[in-house]
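Subject: Structure for you to look at

Hello,

I am passing on the structure we spoke about. Please open it alongside this message; my notes on what turned up follow below.

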Amino acid sequence: MRLTLSHETHYRYARPVSISHQLLRLTPRNLARQQVLSHAIRVTPEPASTTTRHDSFGNELTEIFIQDYHDELIITADASVEIGPLPEILFDLSPAWEQVARDLTCPTHDGAWDAAAYGYPSPQIQLEGARAFAEAVFTPGKPLLRVAMDLAEKIYTEFDYQGGVTDVHTPVPNVLAARQGVCQDFAHVAIACLRTHGLPARYVSGYLLTNAEPNVTSLIGADASHAWYSVWCPEFGWVDFDPTNNLIPNQKHITLGWGRDYGDISPTTGFIHGGGTQQLEVAVKVNVS
Amino acid sequence: MTVNRYSSQAISQAPQVLRHYQAFTNAYDELVEGSSFRAHWTPLVDYLKKDTAGLIQRPLTTEESAQGRPWQLDTLPLLIDPVEWQVLERGLLQRAELLNTIVGDIYGPQRVLRELALPPALIFANPEYLVACRGYGAPDGRYLHLIAFDLGRSPDGQWRVLGNRTEAPIGLGFALENRINTARLFPDLLDEARIVRLAGFYRRFAERLTEQGRTTLAGSDALTVILSGGSAQPGYAEHAYLGQYLGYPVVEGADLTIRDGKVFLKTLDGLKPVGAIARQIESSACDPLQLAPTNAPGAAMGTAGLLNAAATGRVAVANAIGSGVVENEALMSFLPGLCQSLLGEELVLPSVATWWCGQPREAQFVMDNLEQVVLRDAFQRKPLVSSSVATYMSPDLPSANIDELRNAITHQPYNFVGKEIIRLSTAPFWSTNDTLQAAPVTLRLFVGATPDGYQLMQGGLARISTDRGDLSKDVWVSGSSAQTGAPRVAANLVSRASDRELPSRTGDDLFWLGRYLERTEGAVRTYRSLFHYVAEGGDEHALELEILTGVLVTLGHLSVRRARRAMQEGRIAVEQELWNILFDPESVDSLAKLLSNVHRTAEQVRERLSRDAWRVFQGLDETQHLRWRVHTINDAMQLLNDLVMRLSAASGQVADNMTRGYGWRLLDLGRRIERVRLSIKVIRELCAADDPGRTAGRLHLLLDIQDSVITYRTRYQSAPHLTGVLDLLLLDGANPRSVMYQIERMYRHVQQMPLEDTSTGLSESQRTIFSIYNDLTLADVNKLADVISKKGVRTHLQRLLKRTETATDHLSDLINKTYFEHTLRPDR
């Protein structure tokens, strides 16, 4: 399926900004099933410098530096991607979760080494409370991918999707206590549950096609910006799960990038001089082309 | 190899202060072996014998040791056997190479993980491992420029490394300070015992860092700076001290900016390239753009974009951002193996035994022996200051019950490490009864990168655990005569950072220090006049009291409410409320606030002040806490007289000891601007309205507040009259208190400042000052005094005052805009 994406970030400042330094993670990744056909980032006002590089997770970073006085900043990312269909996943062929956890304490091949970096607490994902919450899911000997799917279902069933009660810095234990939040919180909770059992899981940031066809139940996502988690399984590699919609992402999920948690892949991080109070408006559109 | 010239001597011939020295039976003692003193202590023991007068028998008091240091100094040094020192040296240099190699590998190819089988949790579960630093290429592969090692000696006589400090080790400044203080007490002994000087180490370390900075892309004139968290941070005293000693500007994150990927210091003279940064803030606080995307405290300390500049080799950061990754105790037990694999050598110096629970066998051992090990959070770095020597010697088992603890270890084993409890060696210290007693001791030694590779500082910092808490000690090592002798205390290694490199923020602080100093002085003089009249019997001086409280209200030092009460109820009310009148908490600009502001701004520029000047500023700040001393008007007068003296001392210190650079000019500009504002306010309050009956009293007060009574008397030899007073206070360029005098001084300063745009003749600041100068020159003093409107206002005077005031405020704005504005702390 071919999807087009437009992601506009619009800052309005009460006082002029003299210097603005922004780090953007707005370039979708090329993957086996996802081909980026075109991509462009436009910034107003014109930056004095724009550089791109890759972070250690392989995501593309765009660093911009603006030194003209300005009272609004508009960043627009447009992309067109082709997403292939998901092959069938045979959950019950995956190894038992304990086995994977044990192998990861002493990895023996590259894939496992790359995965190991995602197996521990990270700045925004602390593990307190996750073990107790997920106890029922982690039954002895259960195949890992079955565990991951059951976890998505448990979160989908027990949590309310509720915007505005959490923000990008809400710690996992708070989300666990409140049983509500948005896609980012749900992904964080699932990742904490996996990591507390020694299993590598990463945070995936992306977009969701919410209105594929009229009259079909829409999927849930905040302004089409979306997040889910991915679990690493020997032989299978990384497999994505969307706890907000209780499914495995297929052709409606565009992958932007990933990291250990939201902090590693937040779309824009900025530092400005001046500005006073600021208003932020984000508009994301995903369409079938 | 140094030949030891001394032989041991028996304790029976001990000096008086050592007669009762008792070594512990179950620990190694640094001084005593059996019934004799160890040979390398002989020079000191002999010295103590000769010192029958007891001149050195005292620890330094807090007053003497510099403020802001974590420990009091015990003046008796710790001596290390030179032969033993060579082993330590070999071991620590090897360790430095090893740790540097490991850091480079962790942020590079990660061979230690994939080829050398280090457990992944050791790196990935460690919060000091900063993912964003992956791919960081340090110039010349030097990630660690300065490493501190904490060591303790076990009962078998073996030194063991207790901790590797690689993040931003502190203590370099304290070690130097200790040596300087100790050397004062034992001037000849240092030479006689051939104790190695420390200065060489600092010089070589600084040389290497500066050189590295200049070979980065920043260019050959690139600066080296100390990146500090500012005066609110605990380590600031040391940063200021090192900055002064090494000649490096001490800057904060907001003083630096990144342009085209390179680092610049914002100075009064524009942006200056920075080639090397001695980092004294946490790695995670260095770059809010990449390292602390959450609103973590301390995020505002860093500079946006610094990590990328460092990682791409455009600036040398010492130590490299992320260096804390090898500071944890979990790594300790892997060092022998890593040393073998990475350097092909045996690890020379052992570490204290540790059992990291990330491995199943070790976890089991720890769980089986919870009462016999020191259990620690494996990755938590204990700040130097908050840990104490005693914690190495006893299990600090958390109060949680053992089962809970076992459970926690089972679920997240990698978060725990068990450490062997070590019975540390003992050394002598001055006990409170002026004799020497034994107490457990640890060493902190420093390895620094120099042009000749890593070197061990020939000395260091010892900490001794006493009944008065931890004390610090100087560490003495004897060597060949070429390196020894007393330190040249005053000699700065590198020429003093020139004023062209004065950070704009520091300029801003100096400007405000000048303003607050002057404002405080004005307030104190006015209060002194007020209390003078109150003391003389307030009722006869009702007029003076009314005028003076009015002036204090106008200047914002006294609230209207309190002034009214004092006036209505007279002397008794004043006496009852003395303290509240003096330090009125309700007023906008109370004396207490002013004194705090003086202290705060002085603290911000502490590295620019001499130690004596700093002491004066601290004394000033203490005054407002002396409430218990002030009961009567006379006490208050005494306090105010004392304050006047201290303020003059502060001004004197600043005036005499600061180089005549931009910083000093800004400070003086601040003073002059404030003096003009004060003069204008007081003259307006007392003379702008015609009040024939009271003129004489008012004029006398005016001269008193303006400190010009004597000048007036010598000039006019008559009772004050208005034209004479106005001439003296406004127009007379020869009176250092006159407005005209201030204006001339300001003009001279502004002419010398670097960023004045004179492309159209005069800069805007110069034009502004010139306009006041013109007004004052052309003013007719008789008209100022005699032209009075129907409403009783001296219109000419009023107008001149208004114009002068507006122009002065404008000048202040201009200085702010031209020199300080780009230092605005960034918002998020």
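α22(B) and α23(B) are oblique to each other, because an angle that is neither under 35 degrees, nor over 145, nor from 65 to 115 counts as oblique, and theirs is about 120°. The two helices cover residues 709-716 and 722-731 of chain B, and their axes are 11 Å apart. The crossing of α22(B) and α23(B) is right-handed. On the α22(B) side the contact is made by B:T711, B:Y712, B:R715 and B:Y716, and on the α23(B) side by B:G724, B:V725 and B:L728. By class, the residues of this contact are 4 nonpolar, 2 polar and 1 charged. Please keep in mind that this is a predicted model.

A second helix pair in chain B is α25(B), residues 764-778, with α27(B), residues 795-820. Their axes come within 9 Å and cross at roughly 165°, which makes α25(B) roughly antiparallel to α27(B). The crossing of α25(B) and α27(B) is left-handed. From α25(B), the residues in the contact are B:E764, B:S765, B:T768, B:I769, B:S771, B:I772 and B:D775. From α27(B), they are B:L800, B:R803, B:T804, B:A807, B:H810, B:L811, B:L814 and B:I815. The contact of α25(B) with α27(B) has 7 nonpolar, 5 polar and 3 charged residues.

Next, the domains of chain B. The domain assignment splits the chain into domain 1 (507-658) and domain 2 (659-823). Their C-alpha centres lie 22 Å apart. In the contact between them, 26 residues of domain 1 of chain B meet 29 residues of domain 2 of chain B. On the domain 1 side, α13 (504-535) and α14 (542-554) of chain B each supply at least two residues. The largest share of that side, 15 residues, comes from α13(B). By class, the side of domain 1 of chain B that touches domain 2 of chain B has 12 nonpolar, 7 polar and 7 charged residues.

Now to chain A, which has 6 helices and 13 strands. The C-alpha trace of chain A spans about 60 × 40 × 40 Å along its principal axes. Its radius of gyration is 19 Å, which agrees with the value near 19 Å for a compact globule of 289 residues.

Chain A is also assigned two domains: domain 1 (2-84 + 266-288) and domain 2 (91-264). The centres of the two domains of chain A, taken over C-alpha atoms, are 25 Å apart. Each of the two gives 18 residues to the contact. On the domain 1 side, the elements that give two or more residues are β1 (2-24), β5 (70-83) and β13 (278-288) of chain A. β13(A) gives the most to that side, with 6 residues. The side of domain 1 of chain A that touches domain 2 of chain A has 12 nonpolar, 3 polar and 3 charged residues.

Last, where the chains meet. The contact takes 26 residues from chain A and 25 residues from chain B. On the chain A side, β1, α2 (110-116) and β12 (268-274) each supply at least two residues. β12(A) gives the most to that side, with 5 residues. The side of chain A that touches chain B has 12 nonpolar, 12 polar and 2 charged residues.

Regards

Terms used:
Residues are numbered from 1 along each chain as its sequence is written. Chains are lettered from A and ligands numbered from 1 in the order in which they are written. This is a predicted model: local features need pLDDT of at least 70, side-chain atom pairs count only at pLDDT 80 or more; totals for chains, interfaces and linings use all residues. Domain bounds come from an automatic or database domain assignment. Two residues are in contact if their C-beta atoms, placed from the backbone, lie within 7 Å. Helices (H or I, at least four residues) and strands (E, at least two) are DSSP runs, numbered from the N terminus. Ala, Val, Leu, Ile, Met, Phe, Trp, Tyr, Cys and Pro count as nonpolar, Asp, Glu, Lys and Arg as charged, and the others, Gly among them, as polar. Axes are lines fitted to C-alpha atoms, for helices over the stretch in contact, and angles run from 0 to 180 degrees between N-to-C directions. A crossing is left-handed if the near helix is turned anticlockwise from the far one by less than a right angle, and right-handed if clockwise. The radius of gyration is taken over C-alpha atoms; the globule rule is 2.2 Å times the number of residues to the power 0.38.
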